Amino acid sequence: MRPGVNWVDMHKLAERTILESLKEGHLLVGDVDAMVNERLGAVFMPHGLGHLLGIDTHDPGGYLKGAERPKEPGLKSLRTSRDLLEGMVITVEPGCYFIEALLLPAMENTQTSKYFNHEQISRFRGFGGVRIESDVYVTSDGCLNMTKCPREIRDIEAVMAGAPWPIKLTSIPSVNGKA
């Protein structure tokens, strides 16, 4: 994330990452590009990637006057379609859900059923899902993750077992590798 990056593109990247991970875990099979084209990511992440954060929890300004809201599955839930600007604060909330009302139609649809490993997906029915939220400040050449909590499995398990969590600034490097 950095100034000039479009939020719709960020959402699509999150969907692609989820689809790639589900394929790596053998829950999905086939070509990820084809899955993206079928909007299969919206089955697992039916909500938008995040929202502007400010005085109000869901800060206004996501759709400026004249901006059109995307209409495709998953994208129609976006709270903004803007290009990121330096100084914006936005939540990044990717989630992966196994929702029967979304899974069943996709698994029965002739266009999308071929992507599912039906046996493996059935292991996660009734699981619900997981969403991770970060509050991110867009800097001139990247972004700063202001959320301070464990993210790695070993860190989460250690904190849950009572270990102290070190609070320190973290940043997400931009494409050019700078923090």
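Exposed, on this tour, means over 50% relative accessible area, and buried means under 20%. Bear in mind that you're looking at a predicted model.

Start by selecting H4 (100-108). Color Ala101 and Glu108: these exposed residues sit on the face of H4 turned away from its buried side. Now add Leu103, Ala106 and Met107, which are buried. Look down the axis of H4 and you'll see its buried residues fall within an arc of 95 degrees, so they line one face of the helix. What do they pack against? Bring up H3, E2 and helix H5 (118-122), and you have the partners of the buried residues of H4.

Next, pick Leu40. Setting aside residues up to four places away in sequence, Leu40 touches Ala106 back in H4, along with Leu19, Leu28, Met35, Thr112, Tyr115 and Phe116. Leu40 belongs to the largest nonpolar core, a set of 36 residues, where Met1, Trp7, Leu40, Phe44 and Phe116 touch the most other members. Among the elements that give two or more residues to this core are helix H2 (32-37), helix H3 (41-44) and strand E4 (134-138). Show H1 as well: with 7 residues, H1 gives the most to this core.

Last stop: Glu93, in the loop between strand E1 (89-92) and strand E2 (95-98). Is Glu93 buried or exposed? Its relative accessible area is 7%, under the 20% cut-off, so Glu93 counts as buried. Select Arg131 too, and you'll find a polar contact of 2.9 Å joining the two side chains. Leaving out neighbours within four places in sequence, the contacts of Glu93 also include His47, Gly48, Leu49, Gly50 and His51, plus Ile132 and Glu133.

Definitions and conventions:
Residues numbered from 1 in each chain as written. Predicted model: local features only at pLDDT ≥ 70, side-chain atom pairs only at ≥ 80, totals over all residues. Heavy atoms only, no water. Helix = DSSP H or I, 4+ residues; strand = E, 2+ residues; numbered from the N terminus. Buried < 20%, exposed > 50% of the residue type's maximum accessible area, 1.4 Å probe, protein only. Polar contact = N/O pair within 3.5 Å; in protein donor to acceptor, adjacent residues only side chain to side chain. Contact = heavy atoms within 4.5 Å. Core = buried A, V, L, I, M, F, W, Y, C linked by side-chain atoms within 4.5 Å. Arc of directions from axis to C-beta.
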